[in-house]
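Open the model in your viewer and keep the selection tool at hand. The tour goes from stop to stop, saying what to select and what is there.

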Amino acid sequence: MNTELGDFFSNTFTNKPFVIAGPCSAESAEQVHDTVELLSQQNVKLVRAGIWKPRTRPNSFEGRGTVALQWLKDAGTKFNLPVAVEVATVEHVEQALRAGIDVLWIGARTTVNPFMVQEIADALRGVNIPVMVKNPINPDLELWLGSVERICKAGITQVSAIHRGFSSYENSLYRYKPNWEIPIEFKRQRPEVPMICDPSHIAGNTENIFFIAQTALDLQYDGLMIETHINPKAALSDAKQQITPHELELLLSKLMQRKSTPDDVFELTKLLQLREKIDALDKEMIDVLARRMEISRIIGSFKKENNVTILQPERWDEIIKSRTAYGTAHELHREFLLKLCNILHEESIMQQANMMNAAENPELKK
Ligand code: PEP
Ligand code: MN
């Protein structure tokens with residue numbers, strides 16, 4: 001196997017980020033050939049292309065299918081680059097292996113389904129090919145970790161994760177919200193699994209790709225997967241988010257690879273002092289929260305004595321409005337404040353319910 005590819009999957013690749021690029025879909029032999037040719041002149045280490053496309057609605061372009069495997073393999077061989085495709089069924093796995101594809105990935109719509117992932121894992125038993133597992137479409141860390149575990153248990157030793165963002169019903173600046181806390185927790189639990197960011201699907205447009213890719217590098221991701229098309233406007237899938245190989249080159253040249261700690265001891269001391277301040281503030285915050293919940297319990301016993309309900313919608317509405325107004329005036333994001341109000345409220349309701357209905361509470365009965 002190509003040594004850089006091997007190093008990446010064994011998490012010993014040092015020249016980060018490991019860049020994966022290529023079109024959303026392989027559309028024609030020429031498109032694949034010309035894209036791979038341009039990518040081979042850049043710092044790209046692996047070419048991606050969708051052969052079978054999972055589309056949300058029928059009657060969209062669903063990929064060229066098996067014939068395109070050869071286009072990709074031929075271009076990879078000619079320009080000396082390994083190639084990767086998405087597999088969603090056992091048949092896809094068999095065809096990709098037969099065509100000599102170098103790396104497989106499991107898409108977001110497959111990771112959600114343990115039956116499908118298990119079937120793919122079983123089809124891979126005894127085959128040592130690197131596999132990349134995209135996060136599930138819904139923000140569920142366990143499902144993502146579970147899919148990676150299924151692949152590892154089938155004996156695949158070279159596994160990486162791809163963070164491509166999460167569906168959300170709310171309006172968002174992103175096509176798929178990044179929910180950075182999920183890949184961060186993934187990395188904490190499985191530090192040996194290289195983490196790749198797919199800023200193209202997170203952004204859904206070309207303007208935000210740089211910001212997301214840079215954020216990923218600043219979170220110490222190991223690689224980037226960026227959709228690249230020779231003529232994005234004419235792309236048959238994901239046209240809005242694909243960039244040209246030339247734009248990819250510019251983007252990669254602008255990305256900053258920062259160090260994990262400052263070289264200078266004096267600078268490092270400054271950082272440690274700031275962290276001490278954060279530690280002290282976190283402790284203070286927990287003390288304040290404990291005091292707040294103590295009051296919630298007192299309110300709980302007051303409501304019990306006076307036979308009053310826990311939730312008063314007007315009061316809740318007023319809390320949301322006043323806290324977000326106060327917080328946004330102090331440079332906090334509205335979305336963060338809303339989440340904070342919600343978790344405080346949830347805990348406060350639990351504390352009051354424990355107090356008011358102790359005898360019935362399943363948590364207290366345990
Ligand atoms: C893709 O990579 O083109 C793709 C279909 O991605 P996802 O599974 O993340 O939607
Ligand atoms: Mn795509």
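Start by selecting Leu-332. Leaving aside its neighbours within four places in sequence, Leu-332 is in contact with Gly-327 and Leu-337. Keep in mind while looking that this is a predicted model. Where does Leu-332 lie? It is in the loop between α13 and α14. Its relative accessible area is 38%, so Leu-332 counts as partly exposed. Now add Ser-25 to the selection and draw a line between the two C-alpha atoms: Leu-332 and Ser-25 are 40 Å apart in space and 307 residues apart in sequence.

**The two helices beside the loop**

Select residues 313-328, which form helix α13, and residues 334-356, which form helix α14. Their axes are 9 Å apart, and the two helices pack at an angle of about 140 degrees. That angle makes α13 oblique to α14. The crossing of the two helices is right-handed. To see the contact, show the side chains. On α13, pick Trp-316, Ile-320, Arg-323, Thr-324, Gly-327 and Thr-328; on α14, the partners are Arg-334, Leu-337, Leu-338, Cys-341, Asn-342 and His-345. Coloured by class, the residues of this contact come out as five nonpolar, five polar and two charged. Gly-327 and Leu-337, the contacts of Leu-332 from the previous stop, both belong to this set.

**The whole chain**

Zoom out and show the chain as a cartoon. How many helices and strands does the chain have? There are 15 helices and eight strands. Along the principal axes, the C-alpha atoms fill a box of roughly 80 × 50 × 40 Å. The chain has 366 residues, and 45% of them count as buried. Among contacts between residues at least 6 apart in sequence, 72% join residues at least 24 apart.

**The manganese ion**

Select the manganese ion (ligand 2) next. Which residues coordinate the ion? They are Cys-24 through SG, His-201 through NE2, Glu-227 through OE and Asp-238 through OD, at 2.1 to 2.4 Å. Along the chain, these donors follow the spacing C-x176-H-x25-E-x10-D. Cys-24 sits in the loop between β1 (18-22) and α2 (29-39), while Glu-227 is in strand β8 (residues 223-227), so this pair ties together parts that are 203 residues apart in sequence. Are these two residues buried or exposed? Cys-24 has 1% relative accessibility and so counts as buried. Glu-227 is also at 1%, so it counts as buried.

**Helix α2 and its partner**

From Cys-24, follow the chain onward to α2, and select helix α3 (residues 67-78) along with it. The axes of α2 and α3 come within 9 Å and cross at roughly 25 degrees. The two helices are therefore roughly parallel to each other. Their crossing is right-handed. Ala-29, Val-32, His-33 and Val-36 of α2 make the contact with Trp-71, Leu-72, Ala-75, Gly-76 and Lys-78 of α3. By class, six of these residues are nonpolar, two are polar and one is charged.

**Helices α7 and α8**

Select residues 141-153 for α7 and 181-189 for α8. Here the axes are 10 Å apart, and the packing angle is about 40 degrees. α7 and α8 are therefore oblique to each other. α7 passes α8 in a right-handed crossing. Leu-141, Trp-144, Leu-145 and Val-148 on α7 meet Ile-182, Pro-183, Glu-185, Phe-186 and Gln-189 on α8. The contact has seven nonpolar residues, one polar and one charged.

**Helix α10 and what follows**

Select residues 209-218, helix α10. Which of its residues are buried? They are Ile-209, Ile-212, Ala-213, Gln-214, Ala-216 and Leu-217. The buried residues of α10 pack against β7 (195-197), α9 (199-203), β8 and α11 (245-254). Of these, β8 was part of the manganese stop, as the strand that holds Glu-227.

After α10 comes Gln-220, which has a positive phi, near 65 degrees. For the last selection, add Asp-122, found in helix α6 (residues 114-124). Asp-122 has 39% relative accessibility and so counts as partly exposed. From C-alpha to C-alpha, Asp-122 and Gln-220 are 32 Å apart, with their positions 98 residues apart in sequence as the separation.

Technical notes
Residues numbered from 1 in each chain as written. Chains lettered and ligands numbered in written order. Predicted model: local features only at pLDDT ≥ 70, side-chain atom pairs only at ≥ 80, totals over all residues. Heavy atoms only, no water. Donors = N, O, S within 2.8 Å, 3.2 Å for Na, K, Ca; no water. Helix = DSSP H or I, 4+ residues; strand = E, 2+ residues; numbered from the N terminus. Buried < 20%, exposed > 50% of the residue type's maximum accessible area, 1.4 Å probe, protein only. Axes fitted to C-alpha atoms, helices over the stretch in contact; angles between N-to-C directions. Parallel < 35°, antiparallel > 145°, perpendicular 65-115°, else oblique. Left-handed = near helix turned anticlockwise from the far one by under 90°. Contact = heavy atoms within 4.5 Å. Nonpolar A, V, L, I, M, F, W, Y, C, P; charged D, E, K, R; others polar.
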